[in-house]
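Subject: Structure for you to look at

Hello,

Here is the structure I said I would pass on. Please open it first, then read the notes below with it on the screen.

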Amino acid sequence: MKRRTSLQWFRIGVLAVVVVMAGISLAWAEERDDGNVGDGNGFSNHSLKGYYGFNSSYGALVASGPNQPVVPALPFASMGRIFFDGEGGCIVSSIGNVNGQSIPSTSTSCVYSVNPDGTGTSEAVFPGTPIADPVPIAFVITDGGNEFRAVVTKFIVGTFTARRQ
C-alpha cells in the first residue's frame with residue numbers, strides 16, 4: 001500500500017472543500033428558487049408580497065378624459081406604503097401634496113398583476129381625493145423583488161420608487 005504525501009492530502013482536502021461548497025451552493029440556489037428572480041422569466045404576483053414604502057418625484061395632477069373640464073396642471077408629490085398580498089390584492093396608504101394642500105388617502109380597492117418578465121400593472125381607488133376613477137400605474141420589479149419603480153399612466157404625470165420595508 002502506497003503512502004500519500006502531504007501534497008496529495010492537501011489536494012484531496014481542497015477537492016473535498018470544493019465539492020462540499022458546490023453542494024451547499026446548489027442547495028441554497030434550489031431553496032431560493034421561488035420563481036421570482038433569475039432569467040427574467042420567473043416573476044409572478046407572489047414576487048411582490050409584504051409592505052413597501054414609497055415616495056414620488058415631483059409631478060403634476062392633470063385632468064384626463066373627454067368629459068372633464070380643462071384645468072391647469074397642479075403640482076403633486078406623495079409618499080406612503082403599499083401592502084401586497086402576493087395574490088394580486090393590495091392596499092395603499094399615502095399622503096399626497098396637491099398644489100400645497102395635504103391629502104391623506106387609503107385605497108378602498110387595489111389590484112395588481114405581475115408579468116413573467118417582472119413588469120406589471122396596478123390600479124387603486126382613492127375616495128375623497130381629486131381623482132374619483134381608479135389610478136393606474138405600470139411598474140418594473142428590481143433588486144430581486146426588494147424594489148419596484150413605477151409610473152402613473154393616467155391623471156398624474158409622475159414616477160415613484162418603492163422599497164420593501
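A good place to start is Phe 84. Leaving aside its neighbours within four places in sequence, Phe 84 touches Leu 48, Lys 49, Gly 50, Tyr 52, Gly 89, Cys 90, Tyr 112 and Phe 148. Phe 84 has a relative accessibility of 3%, so it counts as buried. Please keep in mind that this is a predicted model.

One of those contacts is also a ring pair. Phe 84 and Tyr 112 sit edge-to-face, with 4.8 Å from centre to centre and 80 degrees between the planes. Phe 84 belongs to strand S3 and Tyr 112 to strand S6, and the two are 28 residues apart, so the pair links distant parts of the chain. Tyr 112 is at 5% relative accessibility and therefore buried. The whole structure has 8 aromatic pairs. Ring pairs join Phe 84 and Tyr 112 with Tyr 52, Phe 54, Phe 139, Phe 148 and Phe 160 in a cluster.

Phe 84 also appears in the largest nonpolar core, which has 29 residues. Which residues touch the most other members of this core? They are Leu 48, Ile 82, Phe 84, Phe 139 and Phe 148. The elements that give two or more residues to the core are strands S1 (49-56), S3 (74-85), S4, S6, S8 (135-142), S9 (147-152) and S11 (159-164). S8 gives the largest share, 4 residues. As background, nonpolar side chains in soluble globular proteins tend to be buried together.

Another contact of Phe 84, Cys 90, leads to the disulfide. The structure holds 1 disulfide, and it joins Cys 90 to Cys 110 with an S to S distance of 2.0 Å. Cys 90 is in strand S4 (residues 90-98) and Cys 110 in strand S6 (residues 109-114); they are 20 residues apart, and the pair links distant parts of the chain. In case the term is new, a disulfide is a covalent bond between the sulfur atoms of two cysteines. Is this one left-handed or right-handed? The torsion about the S-S bond of Cys 90 and Cys 110 is about -85 degrees, so the disulfide is left-handed. Are its two cysteines buried or exposed? Buried means under 20% relative accessible area. Cys 90 is at 8% and so counts as buried, and Cys 110, at 9%, is buried too.

Now the chain as a whole. The protein chain has 1 helix and 11 strands, and from the N terminus the helix is followed by the strands. Of its 165 residues, 32% are buried. Among contacts between residues at least 6 apart in sequence, 40% join residues at least 24 apart. The accessible surface is about 10400 Å², and 60% of that belongs to carbon and sulfur atoms.

Last, a word on confidence. The average pLDDT of the protein chain is 81, and 70% of the residues score at least 70. Which elements have the lowest and the highest mean pLDDT? Helix H1 (residues 6-32) has the lowest, 43, and S6 has the highest, 98. Over residues 12-38 the pLDDT is below 50, and this stretch has 13 contacts in the model beyond near neighbours in sequence. Where pLDDT is low, the predicted coordinates should not be read in detail.

Regards

Definitions and conventions: Residues are numbered from 1 along each chain as its sequence is written. Side-chain values use heavy atoms; hydrogens and water are left out. A disulfide is a pair of cysteine sulfur atoms within 2.5 Å. Buried means under 20% relative accessible area, exposed over 50%, partly exposed in between (1.4 Å probe, protein chains only). Contact means heavy atoms within 4.5 Å. Accessible areas come from the Shrake-Rupley method with a 1.4 Å probe; for residues, only the protein chains shown count as cover. A nonpolar core is a set of buried Ala, Val, Leu, Ile, Met, Phe, Trp, Tyr and Cys residues joined through side-chain atoms within 4.5 Å. pLDDT is the predictor's confidence in each residue, from 0 to 100. Rings of Phe, Tyr and Trp (its six-membered ring) pair if their centres lie within 6.5 Å; planes under 30 degrees apart count as stacked, over 60 as edge-to-face and the rest as tilted.
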